[in-house]
Amino acid sequence: LKAIKDHGDAIVAVARFLPPRLPDGSGWDGLVSVIPAGRHGKASYRALDIERGDALLDVTPLPNGRLLAAGSSGYIQNPGGASISEEAKPLLLVLEGDGALREKLTVSGGARHNQVRSVAPHNGAWLSGSMENGPGTHSADADPALLRADGVVRGLRLP
């Protein structure tokens, strides 16, 4: 579980989970759950398989009832351990209010491990906070200078 947010008459939670671990270390999927407030309706969840290993790290409601979800795609983990690769790409999604994928947005990233870590409303638009050009677990084994990352905040205007 990575984030929980208020969404009007519901709570939205985002996460990553591993249905089957694939031999190359991929297989993670993003997970979004919409939990109605009180005893009205049933909680639902959806797995989002975008690209070779996904993690949803944050979510924020949009004024039209949709959701803006942030995370990472191409997230590969060592099949025999917990180390992660440098291959991850930034992920930003517009979801329907029930968590169904509406649109994958184009997001720029750095040369290696990238994650959109957070999203928030700001003055009628949105901000995204990202880690770009970050290390994988063993990036600095041969060169300690590779143990670094760039923190980036971007303003977003959604279509």
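**Strands and salt bridges in a predicted model**

R16 stands opposite G30 in strand 3. I start with that pair, and I should say at once that what we are looking at is a predicted model.

The strands around that pair come next. Strand 2 covers residues 10–17 and strand 3 covers residues 29–36; the two run antiparallel and are joined by 8 bridges. For anyone new to this, strands of a sheet pair through backbone hydrogen bonds, and the pairing is either parallel or antiparallel.

Now the sheet. An open sheet of 4 strands has the order 1-2-3-4, and its pairing is antiparallel. Which strands are the edge strands? They are strand 1 (3–6) and strand 4 (44–48), each of which pairs on one side only. On average, neighbouring strands of this sheet are turned by 15° against each other, direction ignored.

On to the salt bridges. The structure holds 9 of them, and I will go through three.

One of them joins the side chains of D98 and R46, at 3.0 Å from N to O. D98 is in the loop between strand 7 (89–95) and strand 8 (101–104), while R46 is in strand 4, so this pair ties together parts that are 52 residues apart in sequence. Are these residues buried or exposed? D98 counts as partly exposed, at 36% relative accessibility, and R46 is also partly exposed, with a relative accessible area of 33%.

Another salt bridge is formed by E51 and K89, with the closest N and O atoms 2.2 Å apart. This pair links distant parts of the chain: E51 sits in the loop between strand 4 and strand 5 (54–61), K89 sits in strand 7, and they are 38 residues apart. E51 is partly exposed at 29% relative accessibility, and K89 is partly exposed with a relative accessible area of 37%. E51 and K89 also belong to a network of salt bridges that links them with K104.

The third one I picked is R66 with E96, where the closest N and O atoms are 3.2 Å apart. R66 lies in the loop between strand 5 and strand 6 (67–73), and E96 lies in the loop between strand 7 and strand 8, so the pair ties together parts 30 residues apart in sequence. R66 is partly exposed, with a relative accessible area of 22%; E96 is partly exposed at 25%.

Last, a residue to set beside those. N114 is found in strand 9, residues 113–122. N114 is buried, because its relative accessible area is 4% and the cut-off is under 20%. What does N114 touch? Leaving out residues up to four places away in sequence, its contacts are S72, A88, K89, P90, G109, M131, E132 and N133. K89, from the salt bridge with E51, is among them.

Conventions. Residues are numbered from 1 along each chain as its sequence is written. This is a predicted model: local features need pLDDT of at least 70, side-chain atom pairs count only at pLDDT 80 or more; totals for chains, interfaces and linings use all residues. Side-chain values use heavy atoms; hydrogens and water are left out. Buried means under 20% relative accessible area, exposed over 50%, partly exposed in between (1.4 Å probe, protein chains only). Contact means heavy atoms within 4.5 Å. Two strands pair if DSSP finds at least two bridges between them. Axes are lines fitted to C-alpha atoms, for helices over the stretch in contact, and angles run from 0 to 180 degrees between N-to-C directions. A salt bridge is a side-chain nitrogen of Lys or Arg within 4 Å of a carboxyl oxygen of Asp or Glu.
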